[in-house]
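Visitor: Please take one part of this structure and go through it closely, side chain by side chain. I would like the contacts and the burial together.

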Amino acid sequence: KTSGETGFYSSVVSKHAVQNGFVYEVKLKRKLAADAANRIYFLGYPYDEGSLPADKQWVDGYYFEYTNALGWAFGKTDDGSSTNLASASSHAIVPYDWNTLTVMIQGDKVDLWINGSGVAHLTVEAPREAGFVGIAMEKTVAEKSPLSVDYAKLEYTTTAPYPIK
């Protein structure tokens, strides 16, 4: 848990870098903050030359996030600048309760699931070959708004964990 700073992100990063071709799954819950991002990063780098950008998002990598307002987004961060590549709403999200975000990346193909329900099958240009995985939260309310994590697991596999959308 972290109380974080309002207007900023807080994150954790795995100890070891990973290579493209895996399934990354994280079960997490956010008690407050309807519009705040609850995010996982993959094939990314949290900082460059020893420091995070001003808002404390990761410098490079892909992200998959949801909000308690039933929205999700997939995007890419390059040199501290984020671009959403896909977003929508999903009734698979359980607001203020446990939600499982799952991503499978195989080459330039990215599949995304929320609670086992496929939300996107995408192709990315010039996919990253390696990087770290991690978990992040955006703090948008003054009250304590912790992000709880039940588990995070990574598996190198070519087998989808759920049906592909």
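Guide: The model is a predicted one. A place to start is N68, which, once residues up to four places away in sequence are set aside, touches R30, L32, A33, A34, N38, V94, P95 and Y96. N68 belongs to the loop that runs between β5 (60–66) and β6 (71–78). Its relative accessible area is 5%, and because buried means under 20%, N68 counts as buried. One of its listed neighbours, R30, also takes part in a polar contact: the side chain of N68 reaches the backbone oxygen of R30 at 3.2 Å.

Next comes R39, a residue of strand β4 (residues 38–45). R39 has a relative accessibility of 3% and therefore counts as buried under the same 20% limit. Its side chain makes polar contacts with two other side chains: that of E65 at 2.6 Å and that of Y41 at 2.9 Å. The charged end of R39 also sits over the ring of Y63, 3.8 Å from the ring centre. With neighbours within four places in sequence left aside, the residues in contact with R39 are Y9, Q57, Y63, F64, E65, G134, I135 and A136.

Several of these names return among the aromatic residues. Y63, the ring under the charged end of R39, forms one aromatic cluster with Y41 and W58. Y41 is thus a member of that cluster and a polar partner of R39. F64, another contact of R39, pairs with W72: the ring centres are 6.1 Å apart and the planes are at 80°, and since an angle over 60 degrees counts as edge-to-face, that is the class of this pair. Both F64 and W72 are buried.

Over the whole structure, a search finds nine aromatic pairs. One further pair is F22 with Y156, with ring centres 6.4 Å apart and planes at 85°, so this pair is edge-to-face too. The two residues come from distant parts of the chain, 134 residues apart: F22 is in strand β3 (residues 22–30), while Y156 is in the segment after β12 (147–155). Their burial can be stated separately. F22 has a relative accessible area of 0% and is buried. Y156, at 48%, is partly exposed, because the exposed class begins over 50%.

To return to the starting point, N68 is a buried loop residue whose side chain reaches the backbone oxygen of R30. R39 is a buried strand residue with side-chain polar contacts to Y41 and E65, and its charged end sits over the ring of Y63.

Key
Residues are numbered from 1 along each chain as its sequence is written. This is a predicted model: local features need pLDDT of at least 70, side-chain atom pairs count only at pLDDT 80 or more; totals for chains, interfaces and linings use all residues. Side-chain values use heavy atoms; hydrogens and water are left out. Rings of Phe, Tyr and Trp (its six-membered ring) pair if their centres lie within 6.5 Å; planes under 30 degrees apart count as stacked, over 60 as edge-to-face and the rest as tilted. Helices (H or I, at least four residues) and strands (E, at least two) are DSSP runs, numbered from the N terminus. Buried means under 20% relative accessible area, exposed over 50%, partly exposed in between (1.4 Å probe, protein chains only). A charge sits over a ring if NZ of Lys or CZ of Arg is within 6 Å of the ring centre and within 35 degrees of the ring normal. A polar contact is a pair of N or O atoms within 3.5 Å; within protein, one must be able to donate a hydrogen and the other to accept it, and residues adjacent in sequence count only if both atoms are side-chain atoms. Contact means heavy atoms within 4.5 Å.
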